[in-house]
Amino acid sequence: MAYKILQKQELIPGQTSLLVIDAPQIASKAKPGNFVILRIDEKGERVPLTIADKDPEAGTITIVFLVVGKSSAQLNALQQGDEILDVCGPLGKPTHIEKHDTVICVGGGTGIAAMHHIAKGHHEAGNHVVAIIGARSKDLLLFECELDGFCPEVLVATDDGSVGHKGFVTDLLQKRLEEDKSVGEVVAIGPVPMMEAVARVTKPFGVKTTVSLNSIMVDGIGMCGACRCTVGGETKFACVDGPEFDGQKVDFNELKARLWQFRDQEQESMEHYKK
Ligand code: FES
């Protein structure tokens, strides 16, 4: 069974796109924090992508992806009406949502879209959700309107100051934690250095910190070991034990080294694809 693309939107032309995919079974079961693994065609790489939103009534899921290599470039070449060979999911453990007075959800880059589904889950549980989102500049900021729809507060940081605070999401987080003692949890999704910096900021405050790891994945069901990471000194598989873990316990240096280990091959594959 192939999966039809019902809607495609280039959020940042040539760089980040959103797809609404017809996947009723996945939409009926997907929970915040879940992801899918898709394969464009028979020879396609298996690409893990967090579910940014779902609409069980319409039978759709929404994914947002950054064009970083050959597979994402191929995915970005698809248009509304085209089909994806397989979409496997929902995978991973759903977000553990507890009742807190306030939850801060931090998102950076494409991670903002993934964070959106989790923030929604916290909102639906009755938590006061403060979204802190960041990008290099205003044009690269995603999902601000969507988050505005249900988050009572959306704080923005851009590197160049084109909108919101000029600086990093961690500056806003630090200030908020100093002023607001009602924060029960901080959730961070985005580039690894951002999640690492968030965990560094929250540590002195002793606030529960959850990060979502974007490890390299192959099967997504705990068999291949490609997504292994070290959390609290123990080996975990991001696909079945996560993807969310305690940010204070993740070995971020190992995660970065593992994420970059195939960079040369990825570049070669992209150059070959462009020819
Ligand atoms: Fe294979 Fe997680 S992707 S074990």
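Two strands pair if DSSP finds at least two bridges between them; helices (H or I, at least four residues) and strands (E, at least two) are DSSP runs, numbered from the N terminus. The structure is a predicted model, in which local features need pLDDT of at least 70 and side-chain atom pairs count only at pLDDT 80 or more, while totals for chains, interfaces and linings use all residues. Residues are numbered from 1 along each chain as its sequence is written, and side-chain values use heavy atoms, with hydrogens and water left out.

**Exercise 1. Find the edge strands of the sheet that contains β10, and describe how β10 pairs with β11.**

Step 1. Write down the strand order, which for this open sheet of seven strands is β11-β10-β9-β8-β12-β13-β16, with mixed pairing.

Step 2. Look for strands that pair on one side only, and these edge strands turn out to be β11 (165-166) and β16 (244-246).

Step 3. Turn to β10 (residues 153-158), which is joined to β11 by two bridges, the two strands running parallel. One bridge places alanine 157 opposite its partner histidine 165 in β11.

**Exercise 2. Determine which strands α5 and α6 touch, and how the two helices lie relative to each other.**

Step 1. Begin with contact, which means heavy atoms within 4.5 Å. Helix α5 lies across β8 (102-108), β9 (128-135), β10, β11 and β12 (183-189), and runs at about 150° to β9. Helix α6 also packs on the sheet, where it touches β8, β12 and β13 (208-212), and its direction makes about 160° with that of β12.

Step 2. Recall that two packed helices are described by the angle between their axes and the distance between the axes. Axes are lines fitted to C-alpha atoms, for helices over the stretch in contact, and angles run from 0 to 180 degrees between N-to-C directions. The axes of α5 (residues 169-179) and α6 (residues 192-202) come within 10 Å and cross at roughly 20°.

Step 3. Name the arrangement: angles under 35 degrees count as roughly parallel, over 145 as roughly antiparallel, 65 to 115 as roughly perpendicular and the rest as oblique. The crossing angle therefore makes α5 roughly parallel to α6.

Step 4. List the residues: Val169, Thr170, Leu173, Gln174 and Leu177 of α5 meet Met194, Ala197, Val198, Val201 and Thr202 of α6. Sorted by class, this contact has seven nonpolar, three polar and no charged residues, where Ala, Val, Leu, Ile, Met, Phe, Trp, Tyr, Cys and Pro count as nonpolar, Asp, Glu, Lys and Arg as charged, and the others, Gly among them, as polar.

**Exercise 3. Work out how α6 and α8 are oriented, and which residues make their contact.**

Step 1. Take the geometry, in which α6 and α8 (residues 252-259) pack at an angle of about 175° with their axes 10 Å apart. The two helices are therefore roughly antiparallel to each other.

Step 2. Collect the contact residues, which are Val192, Met195, Glu196 and Ala199 of α6 together with Phe252, Asn253, Leu255, Lys256 and Leu259 of α8. They divide into six nonpolar, one polar and two charged.

**Exercise 4. Trace the pairing of β3 in the other sheet, and decide whether β3 and α2 are enclosed or open.**

Step 1. Write down the order of this open sheet of seven strands, β6-β1-β2-β5-β4-β3-β7, with antiparallel pairing. Its edge strands, each pairing on one side only, are β6 (83-84) and β7 (86-91).

Step 2. Examine both neighbours of β3 (residues 35-39): four bridges join β3 to β7 in an antiparallel arrangement, and β3 pairs with β4 in the antiparallel sense over four bridges as well. Arginine 39 has aspartate 86 in β7 as its bridge partner, whereas phenylalanine 35 stands opposite threonine 50 in β4.

Step 3. Apply the burial cut-offs: buried means under 20% relative accessible area, exposed over 50%, and partly exposed in between (1.4 Å probe, protein chains only). Four of the five residues of β3 are buried, so β3 is largely enclosed by the rest of the structure. Six of the eight residues of α2 are buried, so α2 is likewise largely enclosed by the rest of the structure; the buried residues are Ser71, Ser72, Ala73, Gln74, Leu75 and Asn76.

**Exercise 5. Classify threonine 230 and cysteine 145 as buried or exposed.**

Step 1. Threonine 230, found in strand β14 (residues 228-231), counts as buried because its relative accessibility is 17%.

Step 2. Cysteine 145, which lies in helix α4 (residues 144-148), counts as exposed because its relative accessibility is 64%.
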